[in-house]
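Here are a few short exercises on how two domains of one chain meet. Grab your viewer and work through them in order.

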Amino acid sequence: MDLWQLHIFVSVVDNKSFSKASCAINLSQPTVSSHIKELEDHFKCRLLDRLGKITEPTKAGEILYQYSKKLLTLRDQSEAAMNDFLGRTKGNLFIGGSTIPSCYIIPRLIGPFSKQFPDISIELTAGDTMEIVQKIKKGSIEIGIVGAKIDDPQIKQEKLVADEMKLIVPYNHKWADQTFVDCSNLFEEKIIAREKGSGTWQSILKSMDEAGLNSKKLNTGITMGNTVSVIQGILNHVGISILSTIAVQDDINKGRLKALSVKGLDLDRFFYLTLSKKRTLSPICNKFIAFARQPLHTDETA
């Protein structure tokens, strides 16, 4: 057994397929199968079950998968630590972000960070808040930036970027000339909702309920899976919605959308740096965190 075999094994489990794993790690499928067989011969038990087109780990495979992830993480951390000690900041950073961070905040951080550390390769994964949290817990990404506070004993968070959410309407909407509307007025309009995993949407509903209003009575017949879709829905008069002003600033500047405050709702929030409590951070991840905390970068994204 060696780390390369464990790397192949983890890839098969993650991809749920021998063929997809072979593409991911640039090996032929017979070579992947051969390495898995060597592992099974070493442990004298079956590690993977092929269930039609899906490959799943056996109970023994689940145990090996958890330890393999830890060993491979330790390998990466060892290499990063040695490179850091020798003055060569080099390695990989796997970062995830919910919709607004992955589209508008993290790219602004990656640009200057990559200039400072050109030998660091960065892979950005996008998803809703809960998807990013699950990937952090599983170890497929090391750090995330999300738009909701998470109540999970395995997760730690800190405030990173302040965000202001407002009611977004088309330029020719009946409220477009107003600077604010009362929260109760929202129940008169068609509201475009976000998917349940959206940190933005959950914070909006929570704020309404805390203000003594029943968020379940909103006319949310339309649900869209990402902020870009919601913006297009507003532009095409599908409905109106509450969004981060970071996401709609270009359309506001061009006069296509208007942003209104909502009286009675606390729509100020933060984007949170999100990490696993159980995992030791790599030197590269620590460098990125220190970089992201700098006021200069935070101000640019707020």
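**Exercise 1.** Work out how far apart the C-alpha centres of domain 2 and domain 3 lie, and how many residues each gives to the contact.

*Solution.* Keep in mind that this is a predicted model. Start with the centres: those of domain 2 and domain 3 are 27 Å apart. Next, gather the residues with heavy atoms within 4.5 Å across the boundary. That picks out ten residues from domain 2 and ten residues from domain 3. To find them in the chain, look in 90-160 + 270-293 for domain 2 and in 164-268 for domain 3.

**Exercise 2.** Find the area that domain 2 and domain 3 bury between them, and say which three residues of domain 2 supply the most.

*Solution.* The two domains bury about 850 Å² between them. Split that by atom type, and 63% of it sits on carbon and sulfur atoms. Now go residue by residue on the domain 2 side: Thr99, Ile100 and Tyr104 account for 49% of what domain 2 buries against domain 3, more than any other three residues.

**Exercise 3.** Count the salt bridges and polar contacts between domain 2 and domain 3, then describe the domain 2 side.

*Solution.* Salt bridges first: there are zero across this interface. Polar contacts come to two residue pairs, both at pLDDT 80 or more. On the domain 2 side, helix H5 (99-116) and helix H6 (129-138) are the elements giving two or more residues. H5 gives the most, with four residues. Sorted by type, the residues on this side are six nonpolar, three polar and one charged.

Note on methods. Residues numbered from 1 in each chain as written. Predicted model: local features only at pLDDT ≥ 70, side-chain atom pairs only at ≥ 80, totals over all residues. Heavy atoms only, no water. Domains from an automatic or database assignment. Buried area = accessible area lost by both parts, 1.4 Å probe. Salt bridge = Lys/Arg side-chain N within 4 Å of Asp/Glu carboxyl O. Polar contact = N/O pair within 3.5 Å; in protein donor to acceptor, adjacent residues only side chain to side chain. Nonpolar A, V, L, I, M, F, W, Y, C, P; charged D, E, K, R; others polar.
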